[in-house]
Amino acid sequence: MNEQKNLEGFEKIINADKKVEPRDWMPEDYRKHLIRQISQHGHSEIIGMQPEGNWITRAPSLRAKLILLAKVQDEAGHGLYLYSATETLGISREELVEQLQTGKAKYSTIFNYPAVTWADMGTIGWLVDGAAIVNQISLQRTSYGPYSRAMIRICKEESFHQRQGYEIMTHMARGTAEQREMAQDALNRWWWPSLMMFGPHDSNSPNTGKAIRWKIKRDSNDDLRQRFIDKTAKQADVIGLTIPDPKLQWNDERGHYDFGEIDWAEFDRVVKGDGPCNKQRIAHHLKAHKDGAWVREAASVYAAKRAKKAA
Amino acid sequence: MADIKDTQWPLWEVFVQANSGIPHKHAGSVHAPDKEMALTNARDLYTRRNEGTSIWVVPSNSVVASNPNDSDMLFDPANDKIYRHPTFYIMPEGAVGI
């Protein structure tokens, strides 16, 4: 099979809206783009356990604690689905973990912000998982089979995450004056970073062109961001909280909300490693990895011993 | 034991049967040092919401797969055997129950 014929076969799959599977021929750039995007997505789930894991021992009720535990466990699961999808592209789990720990691979900037009050648990579920869902619903239609299947599974599980967050916000917004203030404060801190989760403007997004052409991404950053804002603005109204953007206003002509400009200088700073928690997040991952080394070693030795006995 | 290299363990493919009476379906993969832990990990990862009644785990390197480049050779011959389908046959007017 020559290169030209391979490329034609690949493009035929893409144009027919079929899925590319691991053993199909694919351009090297397609593979590279997927490894970067899916692993970044997986790393975000893994690092995303930290801000919430921090609150498991301090959840205000047994019900809240059980829910939070289940949610953090789901995030570990989502990370593993995505790692498993990335590995079908020919990269090993060892390499993936190493890329995260050495900073070669990125994760979502949102997880470099601290979760300082219980209302942050509500806001993370409502906004951060809400933004993730908008992105992931779109990615269910991605052209790479294993990624698409992981997204379908994740979307099914994720809607509980957003609903439990919105429920926390509803209770706090309708609670005491202090709780209300806490809810508003959390919304004020998380709103803009949530909008940054969709990435740079389309005009400033170097990877978008090819990713759209190859149907890795099915919607542009700006379209997804708008979709999220339209949904969330109405949800804030329902519970009487105010989105911290004086320019946020319904535009009848566009059929969308208009909104103010994002602070891209802040986004760049956090991407480059200068967010409030970047160092802490990776240091924690490294420590957990190191602390678990004896478990991996013991299990390997036990497996080897049993294999020897059976032989 | 210091000579043991840190590892994420071998890869296993996971197949889950959602209900009795239907086939096991590929769900994804897990890493595990042995078959017991592969099963435990698969259960934790792929059946958190009653998705299954049975799980199979198979070492990934034991799976033998066809090559996509051979698809034409492997699957095209079925195209010209339409007599394998019941609609190929012409039944006489008035025949029922066939």
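Let's start where the two chains meet: 27 residues of chain A and 25 residues of chain B make up the contact. Keep in mind as you look around that this is a predicted model. The size of an interface is often given as the accessible area lost when the parts come together. Here, the area buried between chain A and chain B is about 2,300 Å², and carbon and sulfur atoms give 50% of it. On the chain A side, the residues that lose the most area to chain B are Arg23(A), Arg153(A) and Arg296(A), which together account for 23% of what that side buries.

Charged side chains also pair up across this boundary. Between chain A and chain B the count is six salt bridges. One to look for joins Arg49(B) to Asp74(A), where the closest N and O atoms are 2.5 Å apart. Polar contacts can be counted across the interface as well, and there are 14 residue pairs of this kind, with both residues at pLDDT 80 or more.

Which elements of chain A give two or more residues to the side that touches chain B? They are α4 (62–87), α5 (93–101), α7 (145–173) and α13 (293–310) of chain A. The most comes from α13(A), which gives nine residues to that side. Sorted by character, the residues of the chain A side that touches chain B are 10 nonpolar, six polar and 11 charged.

Now let's turn to the inside of chain A and a pair of helices. Two packed helices are described by the angle between their axes and the distance between the axes. For helix α8 (residues 177–196) and helix α10 (residues 221–238) of chain A, the axes come within 10 Å and cross at roughly 150°. Because angles over 145 degrees count as roughly antiparallel, α8(A) is described as roughly antiparallel to α10(A). From α8(A), Trp191(A), Ser194(A), Leu195(A) and Met196(A) take part, meeting Arg225(A), Phe228(A), Ile229(A) and Thr232(A) of α10(A). The residues of this contact between α8(A) and α10(A) divide into five nonpolar, two polar and one charged.

Finally, step back to the salt bridges of the whole structure, which number 24 over all chains. One of them brings together the side chains of Asp17(A) and Arg218(A), at 3.4 Å from N to O. This pair links distant parts of the chain, the two residues being 201 residues apart. Asp17(A) sits in the loop between α1 (3–15) and α2 (28–47) of chain A, while Arg218(A) lies in the loop between α9 (208–213) and α10 of chain A.

Notes
Residues are numbered from 1 along each chain as its sequence is written. Chains are lettered from A and ligands numbered from 1 in the order in which they are written. This is a predicted model: local features need pLDDT of at least 70, side-chain atom pairs count only at pLDDT 80 or more; totals for chains, interfaces and linings use all residues. Side-chain values use heavy atoms; hydrogens and water are left out. Contact means heavy atoms within 4.5 Å. Buried area is the accessible area (1.4 Å probe) that two parts lose on being put together, summed over both. A salt bridge is a side-chain nitrogen of Lys or Arg within 4 Å of a carboxyl oxygen of Asp or Glu. A polar contact is a pair of N or O atoms within 3.5 Å; within protein, one must be able to donate a hydrogen and the other to accept it, and residues adjacent in sequence count only if both atoms are side-chain atoms. Helices (H or I, at least four residues) and strands (E, at least two) are DSSP runs, numbered from the N terminus. Ala, Val, Leu, Ile, Met, Phe, Trp, Tyr, Cys and Pro count as nonpolar, Asp, Glu, Lys and Arg as charged, and the others, Gly among them, as polar. Axes are lines fitted to C-alpha atoms, for helices over the stretch in contact, and angles run from 0 to 180 degrees between N-to-C directions. Angles under 35 degrees count as roughly parallel, over 145 as roughly antiparallel, 65 to 115 as roughly perpendicular and the rest as oblique.
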